[in-house]
Amino acid sequence: MIKQLGNLFVLETENSSYIFRVLDSGHLEHLYYGRKVTIQVEEDAEYLYPTRAFLPGNHAAYSEEYNTLSLESLCQEVSSLGKGDYSVPFVDVVCADGSRTCDFRFCGARIGSGSPDEDADGLPHSWAGDLGKTPQSLTVTLKDEEQKLSLEIAWYLYEECDVITRTAKIHNDSEGDVRLEALMSAQLDFPTRGTTDRGMILTTFTGGWAREMQRNDHHLTSGRYVSESLLGTSSSRANPFCMLRREASSEDYGEVYGFNLIYSGNHRESVEVNSGRIRFMTGIHPQGFEWQLKPGDDFSAPEAVFSFSGKGMNGLSHNMHDFIREHILRGPWAKKPRPVLLNSWEACFMDISEKRLTRFARAAKAAGIELLVMDDGWFGKRTDDTSSLGDWTPDSNKLPGGVTGLCKKINDIGLDFGIWVEPEMVNVDSDLYRAHPDWALEIPGHPHSEGRTQRVLDLTRPEVVDHLIEVMSELFGSADIKYVKWDMNRNFTDVFSSSLPPEEQGKVAHLYMIGLYRLMKTLTERFPQILFEGCASGGNRTDLGILCYFPQIWGSDNTDALCRAEIQNGYSYGYPLSVIGSHVSGVPNHQTLREAPLSSSYADASFDILGYECTLPDMSAADKKAIAKQVAFYKIWREVYFNGTFYRGR
Ligand code: GLA
């Protein structure tokens with residue numbers, strides 16, 4: 001429930017309260033976020049008001065009128081630069097006159113209902129869910145009267161999940177051009193008792209290829225802590241999910257705050273501990289970002305998600321899991337348990353053929369597996385990764401009956417059929433690149449860095465997105481395709497769009513995301529029966545933006561049983577296991593060469609969405625029997641694995 005009590009705003013979920021007020025100066029002072037407290041009238045919150053009897057030491061006084069107000073120590077909802085606050089700003093703008101000082105003050109508030117508007121900004125958003133739990137919302141408008149800028153901050157309450165989301169939009173009401181250098185998504189300031197606070201831990205999830213979601217606990221002292229990605233994707237280097245928690249907290253006890261972003265590109269989460277304040281900030285990474293706002297223009301930041309639990313990290317995870325299942329996932333597959341699949345990659349790599357795949361399908365059928373996935377290697381002249389991305393026509397030597405013929409054969413064996421694509425990429429050795437060299441993100445006339453011998457298509461260009469919609473629609477409509485693995489294997493380098501002028505190059509990384517979301521939205525709406533699985537060299541883009549369109553993500557290219565247990569455990573803090581794909585693979589493991597028993601691999605994979613990625617037809621009779629038993633057991637318990645509540649033990 002949202003209450004406005006005079007100058008006080010109280011946002012209440014089932015078990016948490018979030019409170020701020022408007023100061024006489026017009027600034028929004030953050031007062032409290034944590035366990036639910038009872039506030040009936042404005043005076044009930046008085047114990048939360050700090051006294052500002054005098055200006056601390058050499059702090060800057062906000063103004064002559066408010067000469068005891070220091071923005072350096074004020075807990076705020078929205079911070080900016082130039083008026084005495086020296087910490088990470090929520091908004092950073094170079095104004096029309098060249099100055100960098102801005103100051104947003106309260107102008108009005110509106111309580112309403114409904115999730116953020118999807119069509120307004122081209123970004124994915126939380127939604128009411130199919131149970132129709134429409135969130136209450138609070139929109140506050142702030143203005144910088146000097147520079148003629150306005151800011152709209154909105155909060156959305158998903159009460160039953162103890163989740164609050166927040167959006168931000170800046171508008172240029174002035175007559176001149178303004179350069180936006182940062183607009184973050186959420187800010188949360190916590191008051192501290194001294195100059196440093198040793199009572200809190202920042203938990204981040206970092207790693208790399210094949211070692212996603214490694215948990216790190218940073219015991220906060222003074223200074224700045226950053227978890228970030230500049231890869232162009234949300235990345236395996238630092239997932240946008242993180243937690244702030246009291247030092248005494250554990251899996252089952254204590255106060256824990258969790259944060260995430262509904263976004264798939266560059267991001268930065270930072271925590272700054274300084275005099276009297278811990279400031280958390282999350283949003284698009286300001287590095288490399290720059291957005292020109294002409295008079296009348298606006299810019300919207302991605303939606304941020306935060307949650308509080310007084311029941312330890314398990315409690316926080318349950319809030320996040322419930323929220324993702326109910327308010328992020330959508331479409332016919334959102335709540336439907338997933339088929340058990342056999343994927344060709346680790347067994348065949350690109351050496352696939354209709355003959356080989358039908359042999360796999362027969363072995364899969366005998367084991368009770370329900371879907372066969374043809375991974376990379378089926379199109380163009382793709383014998384290795386140096387060619388053909390962009391040319392999405394089947395290789396007739398490998399697939400004499402094309403995708404249509406193969407799908408029919410797989411269906412006749414009694415299995416559903418799925419296919420691998422990597423739409424966002426192009427090889428230089430491809431007909432697409434030869435026809436449209438300017439469709440890749442490149443700096444014309446300059447040498448380009450390489451990554452898996454492929455380039456990233458320029459999705460800032462609407463014609464590229466339109467082309468991909470057309471080509472993918474043709475492919476997905478060419479057979480009874482029930483599943484698509486959507487891969488993305490290249491980090492951004494040499495970021496530049498030849499369709500944009502020099503002063504707009506700072507938009508490229510974000511405009512790419514807007515293009516990607518239009519592509520995903522159009523195709524998932526056009527093919528609702530297809531189950532899409534996101535992938536990016538494993539989990540290089542596991543985030544809430546992707547999950548708004550694809551209900552599952554391939555968690556890691558590392559299928560080793562021991563490593564996988566760590567990776568899956570990491571994911572479970574912020575994501576339900578029912579959105580992560582996991583496969584039982586061959587022995588010795590391709591990534592680690594470890595010889596883990598089949599049963600260990602299964603024990604991991606069954607907690608996520610179970611699949612197999614091994615040379616099933618050539619396995620021993622005993623292994624085949626064991627796999628058939630695993631699949632049968634999984635089918636009995638699939639509903640529980642999928643919809644159950646997951647508790648991490650000790
Ligand atoms: C990436 C994926 C793998 C596989 C290959 C195919 O590495 O993560 O699962 O699909 O691409 O090239």
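Two strands pair if DSSP finds at least two bridges between them. The exercises below apply this criterion and others to a predicted model.

**Exercise 1. Strand β21 and its partners**

Task: Determine how many bridges join strand β20 to β21, and establish which strand β21 pairs with over four bridges.

Solution.
Step 1. Strand β20 covers residues 341-343, and three bridges join this strand to β21. Because at least two bridges are required for pairing, β20 and β21 count as paired, and the two strands run parallel.
Step 2. One position in this pairing can be named: Leu341 has Leu371 of β21 as its bridge partner.
Step 3. Strand β22, residues 416-421, pairs with β21 over four bridges, again in the parallel sense. Here Leu371 has Asp416 of β22 as its bridge partner. Leu371 thus has a bridge partner in β20 and another in β22.
Step 4. The side chains of β21, which spans residues 371-374, may now be sorted by direction. Leu371 and Val373 point one way, Leu372 and Met374 point the other way, and all are buried.

**Exercise 2. The two faces of strand β15**

Task: State which residues of β15 lie on each side, and whether they are buried or exposed.

Solution.
Step 1. Strand β15 consists of residues 256-261, and six of its six residues are buried.
Step 2. One side carries Val256, Gly258 and Asn260, while the other carries Tyr257, Phe259 and Leu261; both faces are covered.
Step 3. The neighbouring strands are identified next. Strand β14 (residues 242-246) is joined to β15 by four bridges and runs antiparallel to it; in this pairing, Cys242 has Phe259 as its bridge partner.
Step 4. Strand β19 (residues 298-309) is joined to β15 by six bridges, also in the antiparallel sense. In this pairing, Val256 stands opposite Ser309.

**Exercise 3. The surroundings of Thr165**

Task: Explain why Thr165 counts as buried, and find which side chain Thr165 joins in a polar contact of 2.7 Å.

Solution.
Step 1. Thr165 is placed in strand β9, residues 163-172.
Step 2. Thr165 counts as buried because its relative accessible area is 0%, and the limit for this class is under 20%.
Step 3. Beyond four places in sequence, the contacts of Thr165 include Ser126, Trp155, Tyr158, Glu303 and Phe323.
Step 4. Glu303 also answers the second part: its side chain and that of Thr165 are joined by a polar contact of 2.7 Å.

**Exercise 4. The position of Ser79**

Task: Locate Ser79 and decide whether this residue is buried or exposed.

Solution.
Step 1. Ser79 belongs to the loop between β4 (28-35) and β5 (91-94).
Step 2. Its relative accessibility is 0%, and therefore Ser79 is buried.
Step 3. Setting aside residues up to four places away in sequence, Ser79 touches several others, among them Asp85, Phe90, Gln187, Arg279 and Met281.

**Exercise 5. The ligand and its shell**

Task: Identify which residues come nearest to the ligand, and describe the shell by class.

Solution.
Step 1. The ligand has 13 residues around it, of which Asp375, Asp376, Lys485, Asp487 and Asp557 come nearest.
Step 2. The shell comprises four nonpolar, three polar and six charged residues.
Step 3. Distances to oxygen atoms of the ligand follow. A side-chain N or O atom of Asp375 is 2.7 Å from a ligand oxygen. For Lys485, a polar side-chain atom lies 2.7 Å from an oxygen atom of the ligand, and for Asp487 the corresponding distance is 2.9 Å.
Step 4. On its own, the ligand has 310 Å² of accessible area, and the protein covers 96% of this.

Methods
Residues are numbered from 1 along each chain as its sequence is written. This is a predicted model: local features need pLDDT of at least 70, side-chain atom pairs count only at pLDDT 80 or more; totals for chains, interfaces and linings use all residues. Side-chain values use heavy atoms; hydrogens and water are left out. A residue is near a molecule or strand if one of its heavy atoms lies within 4 Å of it. A polar contact is a pair of N or O atoms within 3.5 Å; within protein, one must be able to donate a hydrogen and the other to accept it, and residues adjacent in sequence count only if both atoms are side-chain atoms. Accessible areas come from the Shrake-Rupley method with a 1.4 Å probe; for residues, only the protein chains shown count as cover. Ala, Val, Leu, Ile, Met, Phe, Trp, Tyr, Cys and Pro count as nonpolar, Asp, Glu, Lys and Arg as charged, and the others, Gly among them, as polar. Buried means under 20% relative accessible area, exposed over 50%, partly exposed in between (1.4 Å probe, protein chains only). Contact means heavy atoms within 4.5 Å.
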